[in-house]
Amino acid sequence: MLLTEIVFVNLPIDRDEVEEALDAAFEGDGEFTGAGTGLGRCHLDLEIRDGLDKSEALGRVDRVLAELGIAEFA
């Protein structure tokens with residue numbers, strides 16, 4: 001598994017909303033293993049299943065962040 005940490009600074013929406021959107025985008029190809037918030041920052045730890053192309057996984061993350069209008073905060 002590939003573990004990816006996504007860090008946000010001054011995220012203007014609730015972190016849970018981002019987590020739900022990414023969860024839907026990965027549909028079983030990944031799962032969240034941790035998250036945290038503090039001092040104007042938050043992060044999500046996303047574990048991506050073996051065999052999923054890294055560029056495909058990053059593309060999914062990029063699409064979700066763009067759809068939510070928060071790419072500039074990551």
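These are my notebook entries on what I looked up in this predicted model.

**Entry 1: ground rules**

I count residues from 1 along each chain as its sequence is written, and my side-chain values use heavy atoms, with hydrogens and water left out. Because the model is predicted, local features need pLDDT of at least 70 and side-chain atom pairs count only at pLDDT 80 or more, while totals for chains, interfaces and linings use all residues.

My helices (H or I, at least four residues) and strands (E, at least two) are DSSP runs, numbered from the N terminus.

**Entry 2: the strands**

I began with pairing, which needs at least two bridges found by DSSP between two strands. Strand E2 (residues 30-38) pairs with strand E3 (residues 41-48) in the antiparallel sense, over 8 bridges. I looked up two of the partners: glycine 30 stands opposite isoleucine 48 in E3, and glutamate 31 has glutamate 47 as its bridge partner.

E2 and E3 form a hairpin with 2 residues between them. In that turn I found leucine 39 with a positive phi of about 50°.

E3 also pairs with E1, again in the antiparallel sense and over 8 bridges. Here isoleucine 6 stands opposite leucine 44. A reminder to myself: in a regular strand the side chains alternate between the two faces of the sheet.

**Entry 3: the first helix**

Does the length of H1 fit its residue count, and what span should I expect? The expected span is 1.5 Å times one less than the number of residues. For the 12 residues of H1 that gives 16 Å, and the end C-alpha atoms are 17 Å apart, which agrees.

Next I checked burial (buried is under 20% relative accessible area, exposed is over 50%, and partly exposed is in between, with a 1.4 Å probe and protein chains only). Val18, Leu22 and Phe26 are buried in H1. Seen down the helix axis, these buried residues fall within an arc of 60°, so they line one face of H1. The arc is taken from the directions from the axis to the C-beta atoms. The general rule helps me here: an α-helix has 3.6 residues a turn, so residues three or four places apart point the same way.

What covers that face includes E1, E2, E3 and H2. I call two residues in contact when they have heavy atoms within 4.5 Å. Leaving aside neighbours within four places in sequence, leucine 22 is in contact with Ile6, Phe32, Leu44, Val61 and Val64.

At the N-terminal end, aspartate 14 caps H1, with a side-chain oxygen 2.9 Å from the backbone nitrogen of aspartate 16.

**Entry 4: the second helix**

The 15 residues of H2 should span 21 Å, and the end C-alpha atoms are 21 Å apart, which agrees. Its buried residues are Ala57, Gly59, Arg60, Val61, Val64 and Leu65, and what covers them includes E1, H1 and E3.

The arginine caught my eye. Arginine 60 counts as buried because its relative accessibility is 13%. Not counting residues up to four places away in sequence, arginine 60 touches Ala25, Phe26, Asp29 and Leu52.

I followed one of these, phenylalanine 26, which lies in H1. Phenylalanine 26 has 0% relative accessibility, so it counts as buried. The two residues are 34 apart in sequence, yet their C-alpha atoms are 7.5 Å apart in space. With the four-place neighbours left aside, phenylalanine 26 is in contact with Leu46, Ile48, Leu52, Ala57, Arg60 and Val61.

**Entry 5: the core**

A nonpolar core is a set of buried Ala, Val, Leu, Ile, Met, Phe, Trp, Tyr and Cys residues joined through side-chain atoms within 4.5 Å. The largest one has 17 residues, and Phe8, Val18, Leu22, Phe26 and Val61 touch the most other members. Strand E1 (2-9), helix H1 (15-26), E3 and helix H2 (54-68) each give two or more residues to this core.

**Entry 6: positive phi**

Which residues in the loops have a positive phi although they are not glycine? Asparagine 10 does, at about 55°, in the loop between E1 and H1. Its relative accessible area is 53%, so asparagine 10 is exposed. Glutamate 27 does too, at about 35°, in the loop between H1 and E2. At 69% relative accessibility, glutamate 27 counts as exposed.

I also noted glycine 69, which follows H2 and has a positive phi near 75°. For background, most residues other than glycine have a negative phi.

Terms used:
Polar contact = N/O pair within 3.5 Å; in protein donor to acceptor, adjacent residues only side chain to side chain.
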